[in-house]
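Here are some exercises on how two parts of one chain meet, each with a worked solution. Have a look at the model first, then work through them in order.

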Amino acid sequence: VWPGTIPAMLRRLARAAIPRQRVFWAQRSGSLAEIPTYVVDLRSDTVTKPGPAMRRAMAEAVVGDDDYGEDPTVHLQATAAELLGVERTLFVPTNTMANLISVMCHCRRRGSQLLLGRECHLHVYEQGGVAQIAGVHSHPLADLPHGTLDLAELERLVKRGLGSPYHPVCELICLENTHSSSGGRVLPMEYLRQVHLLARRYGVRVHLDGARLMNAAVALGVPPARIVEHCDSVSLCFSKGLGAPVGALVGGPKDFIEEAWRLRKALGGGMRQAGVLAAAALVGLADTEEMLQRDHQNAQRFARGLQELASPVCSVDPTAVETNMVMVRVDGLPPEELCRRLQAVSADEVAQTGHAVRLLLFPWTEHSVRAVWHRDVSAQDTELALGKWAFVLRTLGLG
């Protein structure tokens, strides 16, 4: 049974792996016409798929056992350390793990306090791992519109635990740059400097969740090291705007990364032939500036186009679009309903626009949706997205 079963199974898997063009069938002039459906996926920059160059690099990567320090392609760590201006970096599977490791390295005492934004990724979307696993007490502060925290409130909370037998002692401040829940806003350099000075004054450290650090650097027109110099540790994700399928980094001083290596092992993040993944990250880094600039330009083009529709249902502030994200305010219908309509295709759409477009988005809040650009969304895709949005608004009688 086995000799015939395994090749047949492999053939089925291979066929399933081949991308198939989705088609939409419309009744036109009494005959069936095959219309290709364009899928524009703006849910997140995590949905990117490795391109030919990245797949080739992964397939041809020279590998060894990284747990023994023998994988030559994981020299990615040295390349990234130079890029970020830190002594060492450590390659880990995910940015969530990178953040957790960083918090555990800084907060050695159970019950230590971490100050961070109420809507930051580490607090909302990482399953409370700093409490669940590290025993660290997170104290969230209100996020200001730019993704920053109020400096006076930050200082008050840092000082409160000093010498107090009642309050937890603050060990760490965590910042997120760019700030996802604020729509990809970039933290100002002067703000980063002020937070770092405040932290040093009271013996507190600063960790930067830099999942989209490269977006911030491109938007500011500065090397990423200029941003990281205001922090004691940093994380960087490869599976967002850089387009790799998996992987992230922790960066910091030599002794910090030595401890990070131990924690990675304890958390199950030690990898063997990790060069296959590191090769993808290296390709993603190679064309970072060009690709992210394009993403930012497409996001800005979309925001301007949506504003020009002047719809009472959807509004956007183009001046708030600093990187690859657009926050769209939705009034008059639930964001979930708008997303459903943007995803659906119909014969009327083809008749009116000449296209069938499935626009994929996530509702973000009760009154907003978030759209995220990435390397798999072109300028043409952006125009298709605008056209689909205009069509849906017309069908609602609100365009």
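**Exercise 1.** Find the partner of E322 in a salt bridge and give the distance between the closest N and O atoms.

*Solution.* Start from E322: the salt bridge is with R185, and the closest N and O atoms lie 3.2 Å apart. The term asks for a side-chain nitrogen of Lys or Arg within 4 Å of a carboxyl oxygen of Asp or Glu. Next, place the pair on the domains: domain 1 is 37-49 + 287-397 and domain 2 is 52-285, with bounds from an automatic or database domain assignment. Finally, the count between domain 1 and domain 2 is two salt bridges.

This is a predicted model, where local features need pLDDT of at least 70 and side-chain atom pairs count only at pLDDT 80 or more, while totals for chains, interfaces and linings use all residues. Residues are numbered from 1 along each chain as its sequence is written, and side-chain values use heavy atoms, leaving out hydrogens and water.

**Exercise 2.** State how much area is buried between domain 1 and domain 2, and which three residues of domain 1 supply the most.

*Solution.* First, the total: about 1,900 Å² is buried, with 49% from carbon and sulfur atoms. Buried area here is the accessible area (1.4 Å probe) that two parts lose on being put together, summed over both. Then take the side of domain 1: T288, L292 and E322 supply 27% of what domain 1 buries against domain 2, more than any other three residues.
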